[in-house]
Amino acid sequence: MTEFSPRAILVGFPHAGKSTYLALLFLAILRGERCSIQLANHRDDREHANFLMSALLNCKEATRTEVSQKKGLRLSIRHRSGEEGLLAVPDLSGETWQDVIETGTMDADLFDDVRYSRSAALFIHVGDFAHDPLIADVNAGADALGDADPRESAAPEPYTPTQVDVAELLQVLDETAGPECEISVVLSAFDLAEGITPADWLTDNAPLVAQYLRSARPRRTIRLYGLSAQGGSFDTDRDQLSDRDGLDRAIMTDSDGVDAAIDEPILGLLRR
Ligand SMILES: Nc1nc2c(ncn2[C@@H]2O[C@H](COP(=O)(O)OP(=O)(O)O)[C@@H](O)[C@H]2O)c(=O)[nH]1
Ligand SMILES: [Mg+2]
């Protein structure tokens, strides 16, 4: 397999659910269930994928991706048809992503990964997403602040993307990816969004992103998925989740909430 073999890439801000998806995908591939791709016989380093998968099976949160290879994780995969490709999960710091959306440009390695990808999945964690404040919230916040010294609440907050950040990242992806690349948006931790379809969640919570998906057609079809790789929260539902099989408890649906295969969001890689 050469460096230029087709690639799939998992993209998203830190804490978006990429590693947990990779763990689930690896599990599904090893079991040969709920997916159609297989591992190819290349000597890529599977230690980290194994490590992530064991954490998922043991209901432990995926640790922050600290892959020793600077470029992140790469896994060679194959379709039943025999076609091979490379699944890339670049490991970039939060600053790098902020830089991407501020400057509209990408680090050279990431640019290559996206440019030569046949599928790119952009992850949004539905529970770790900054909703636009209502006017009432803004006023209440202003009242609560009163005369308080703003420096007193200077503890660094974890970076929580807004719909504008996500729409901008999606736009950079869309502009960088080749015309044949299939882009998908994966709403992760979708167990936190009960009783709603991914399409409705996006319209309600990130209308700008929903609008982007609509306006990209027919030039490019950007598919939307809802994913619960863990099946629930490992903090609050751990006992109940640990009684269930790691693959059975996972949920992947299309935009209307209809079951989809675990590898659907990256299948464009091997589709043709
Ligand atoms: N409730 C819930 N939380 C999830 C799910 N998948 C991932 N998470 C949590 O989301 C956080 C970020 O996930 P991670 O895969 O590490 O994100 P990454 O930084 O994009 O690789 C972790 O705390 C996970 O435990 C899920 O299906 N349900
Ligand atoms: Mg990670």
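A residue belongs to the shell around ligand 1 if its C-beta atom, placed from the backbone, lies within 6 Å of the ligand. With that in hand, here are some close-up views of this predicted model.

**Figure 1. The shell around ligand 1 takes its largest share from helix H1.**
H1 gives three residues to this shell. Of the 23 residues around the ligand, those that come nearest are Lys-18, Ser-19, Thr-20, Ala-189 and Gln-230. Two elements give two or more residues each: helix H1 (18-31) and strand S5 (117-125). By residue type, the shell divides into 12 polar, eight nonpolar and three charged residues.

**Figure 2. The largest nonpolar core holds 75 residues.**
Here we step back to the chain, which has 10 helices and eight strands. Of its 272 residues, 43% are buried. Among contacts with a separation of 6 or more, 80% are between residues 24 or more positions apart. Inside the core, the residues with the most contacts are Leu-22, Leu-24, Ala-120, Leu-122, Leu-173 and Val-209. H1 appears again, since it supplies the largest share of this core, nine residues. In soluble globular proteins, nonpolar side chains tend to be buried together.

**Figure 3. A closer look at Leu-122, one of the residues with the most contacts inside the core.**
Setting aside neighbours within four places in sequence, Leu-122 is in contact with Val-11 and Gly-12, with Leu-169, Leu-170 and Leu-173, and with Ile-183, Val-185 and Val-186.

**Figure 4. Helix H4 (residues 108-115) and its buried residues.**
Leu-110, Asp-113 and Val-114 are the buried residues of H4. They lie on the same side of the helix, because they cover an arc of only 95° around its axis. Their packing partners are strand S1 (7-11), strand S4 (84-89), S5 and helix H6 (163-176).

**Figure 5. Strand S7 (residues 222-228) is mostly covered.**
Seven of its seven residues are buried. Ile-222, Leu-224, Gly-226 and Ser-228 point one way from the strand, while Arg-223, Tyr-225 and Leu-227 point the other way. S7 pairs in the parallel sense with strand S6 (residues 182-188), over five bridges. In that pairing, Val-185 stands opposite Leu-224. S7 also pairs with strand S8 (residues 251-254), in the antiparallel sense and over four bridges. There, Tyr-225 has Asp-254 as its bridge partner.

**Figure 6. Leu-213 in helix H8 (residues 207-216).**
Is Leu-213 buried or exposed? Leu-213 is buried, because 23 other C-beta atoms lie within 10 Å, and the cut-off for a buried residue is 20 or more. Not counting residues up to four places away in sequence, Leu-213 touches Ile-222 and Leu-224, which were introduced with S7 in the previous view. Val-185 returns here too: Leu-213 and Val-185 are 28 residues apart in sequence and 9.2 Å apart in space, C-alpha to C-alpha.

**Figure 7. Helix H2 (residues 47-57) and the residue with positive phi that follows.**
In H2, the buried residues are His-48, Ala-49, Leu-52, Met-53 and Leu-56. Their arc around the axis is only 135°, so they sit on the same side of H2. These buried residues pack against H1 and strand S3 (73-79). After H2 comes Cys-59, with a positive phi near 55°.

Technical notes. Residues are numbered from 1 along each chain as its sequence is written. Chains are lettered from A and ligands numbered from 1 in the order in which they are written. This is a predicted model: local features need pLDDT of at least 70, side-chain atom pairs count only at pLDDT 80 or more; totals for chains, interfaces and linings use all residues. Ala, Val, Leu, Ile, Met, Phe, Trp, Tyr, Cys and Pro count as nonpolar, Asp, Glu, Lys and Arg as charged, and the others, Gly among them, as polar. A residue is buried if 20 or more other C-beta atoms lie within 10 Å of its own, exposed if 12 or fewer, and partly exposed in between; C-beta atoms are placed from the backbone. Two residues are in contact if their C-beta atoms, placed from the backbone, lie within 7 Å. A nonpolar core is a set of buried Ala, Val, Leu, Ile, Met, Phe, Trp, Tyr and Cys residues joined through C-beta atoms within 7 Å. The arc is that of the directions from the helix axis to the C-beta atoms. Two strands pair if DSSP finds at least two bridges between them.
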